[in-house]
Structure formats: C-alpha cells, structure tokens
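Biologist: I would like a close look at one part of this protein, explained for someone in a first year of study. Could you take me through a single helix and its surroundings, and then show me how that part fits into the rest?

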Amino acid sequence: LLAGTRLEAAEIIDVCAPTGAGIDELRKRLDAMASNADRSASGLFRLAVDRSFSVHGAGTIVTGAVFAGQIEEGQSVQLLPGGITARVRSIHANNQSATRAQAGQRAALNLVGIQPGDAARGQWLCDPVLDVVTECADVRLRVLASEDKPLRHWTPLHISSGAGATTGRLSLYGVRSVAPGEEGFGQIVLDDPTHFVFGDRFVLRDQSASRTVGGGIVIDPFSQRHKRFRRNRVPVLEALIDPEHSSALAKSIEVAVDGVSFQAFCQGRAIPPEEQEPLRASVTAR
C-alpha cells in the first residue's frame, strides 16, 4: 500500500487496539519524534483558523495550528481574508495557559475586536504586516501515480491548504496536461481570494471533491494571469522555488524578462521588514 509514496521506507510498528499491545512502544516513538520536531519561531506569525466560538466572560476564541512565527499576549493580529484587526487578550498553547504561542504548536487565542462569526475555518490569523491575499498563484504540482488520466489544462478543482478549501482552475505552463506520477509548473486561478505564501502546501481534489488527484507547493502567490503557453515563465519559477531567499531573488532577476518586484518578493515569502534591507544588500553586492 505504501509503495511509491513518501512512506515507503517508514518504520512499521505492530499494535493491537483491543489488547493494547505495542501502544506503549508507539507512544515512545511518537514522543521521540515530537521532541526532535521543534520548528523555528522566526518569521511573521501565521495561524490556520479551524474553529471560532464565544466563551462567556472571555469573548471570542479562535483556534488553529501555528504555521510560522510566534505571537504574545497584547500583540495585534489580522484576519485574512477579511482584513479585520484584533488584539490578543490571552493564549492557550498545546492545551495549557501560556503567554506565547509559536510555530509547531496548536493554539487558542482569546481576541478583542473580533466576533465569533467574523472568523471561519479556512481563514488565517497573521501578523498585520503580512497582508497577503491572492486569487492567482504560481505553483509546482505533482499528479498522483494512481490517477487513470492526465491532469489537463483548465481543469476545475478543489484546492485544500491550511485548514480550508476553495475552488478554482488549473492553468498549465507550456504543456496541455501533466501525466500521472509526473510534475509540472502551473497557475491556480481561484474562485475566491485566499491567503498563500511561498512554500505553502496544497492538495488538489477533483471537481466533486470525492478524489484526491495530486498536490504541490506555492511558489509565487502574487502571480499575474499568464497565457497558457508562456514558456518564459517556467525559468522564473525554477529560480523562485529555491528556499534560500537571496539565491532565489538573484536567480530570478537574471531570468525574469519583466523584472522582479522586491516588495512582492518579500511579501510573498513572508520576510519580516527587518530582514528585507539586508536581503536587498546581499543581492546587490553579487
């Protein structure tokens, strides 16, 4: 069942739910993995909202997984899409009262300035600096090898990312389709605006949302609508997919026919303001 997947070589632990055999060993292995899975708290704060509700005497509570950065009591956050700004009154992180929540944790934020009905599953709470909402994103995608047919240009799809899902169409660059088991570059054209930044993972499901057909990674969340066979866009995406900021910026400048917007590059990668000028200087010095 796992052949051909990322779990093909994963260790298998035998367990039995009725008797409890193997459960202690499984718990130990999971604890060991979790202890080595700390994520950096650097970068701008992002939380994928999966629930919001009201607690008597406390107000609005919004819960979700912290994808990046950290947040402390008293700081401000912005709801995306929507643009509503709120202040963090108190925090629970991993089911414990805390003064701070950071990447890798599950958190519940008690917010002032927002109503429970304002926040919905699929939205994001972000640092107010990170005002990134898009309807068009360039991506690298992979079609599952188990699919019977290629994924064709302008196919309607459901796109799942973070805690939410939306609908849209897939526009491919330079090709008419991507075969099962193959990768390609394309553009997701969304029916409704959503929040993406570079490196966000997504899952593609068919038009009825009954079958997963593939997935991929966001490269440029600020893409413009491009023509289907605009092949000169592919070298730019090959440069931008580099996770190292200065390298990606330098390489994309070399191949981008229309130039590169430094502001859009930084926003699309959620680069904090204090890191932007050093980045500009490092690329200018090359």
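**A close look at helix H2 and its neighbours**

Modeller: Let's start with what helix H2 leans on: its buried residues pack against strand E10 (134-143), strand E15 (183-194) and strand E17 (212-220), and also against the helices H3 and H4. Please keep in mind that this is a predicted model.

How much of H2 is covered? Of its 8 residues, 6 are buried, so the helix is mostly covered, where buried means under 20% relative accessible area. You can find them in your viewer as Arg233, Val234, Val236, Leu237, Ala239 and Leu240. A general point helps when you look at such a list: an α-helix has 3.6 residues a turn, so residues three or four places apart point the same way.

Now move along to one of the partners, helix H3, which spans residues 245-255. Here the buried residues are Ser246, Ser247, Ala248, Leu249, Ala250 and Ser252. They pack against three helices: H2 (233-240), H4 (262-268) and H5 (273-284). The packing between H2 and H3 can therefore be described from either side, since each helix appears among the partners of the other's buried residues, with contact meaning heavy atoms within 4.5 Å.

One residue of H3 is worth a stop of its own, and that is Val255. Is Val255 buried, partly exposed or exposed? Its relative accessibility is 33%, which means it counts as partly exposed. Leaving aside residues up to four places away in sequence, Val255 touches Pro235, Val236 and Ala239. Two of those names should sound familiar, as Val236 and Ala239 are in the list of buried residues of H2. Val255 also shows how folding brings parts of a chain together: Asn232 is 23 residues away along the chain, yet the C-alpha atoms of Asn232 and Val255 are separated by 8.4 Å.

For contrast, have a look at a part built from strands. Strand E5 (residues 85-93) is joined to strand E4 (residues 76-80) by 3 bridges, and the two run antiparallel. Within this pair, Ser76 stands opposite Arg87 of E5. The hairpin of E4 and E5 has 4 residues between the strands, and Gly82 takes a positive phi near 135° there.

E5 also pairs with strand E6 (residues 96-98), again antiparallel, through 3 bridges. Ala93 has Gln96 in E6 as its bridge partner. The hairpin of E5 and E6 has 2 residues between the strands, and in it Asn94 takes a positive phi near 55°. A further partner of E5 is strand E8 (residues 106-112), joined to E5 by 6 bridges in an antiparallel arrangement. In that pairing, Val88 is opposite Leu111 of E8. As a general guide for viewing, side chains in a regular strand alternate between the two faces of the sheet.

Finally, let's step back to the whole protein. There are 5 helices and 17 strands, and 41% of the 286 residues are buried. If you take contacts between residues at least 6 apart in sequence, 64% of them join residues at least 24 apart. The radius of gyration is 21 Å, which agrees with the value near 19 Å that a compact globule of 286 residues would have. Along the principal axes, the C-alpha atoms fill a box of roughly 55 × 50 × 40 Å.

How values were computed. Residues numbered from 1 in each chain as written. Predicted model: local features only at pLDDT ≥ 70, side-chain atom pairs only at ≥ 80, totals over all residues. Heavy atoms only, no water. Rg over C-alpha atoms; globule rule 2.2 N^0.38 Å. Buried < 20%, exposed > 50% of the residue type's maximum accessible area, 1.4 Å probe, protein only. Pairing = 2+ DSSP bridges.
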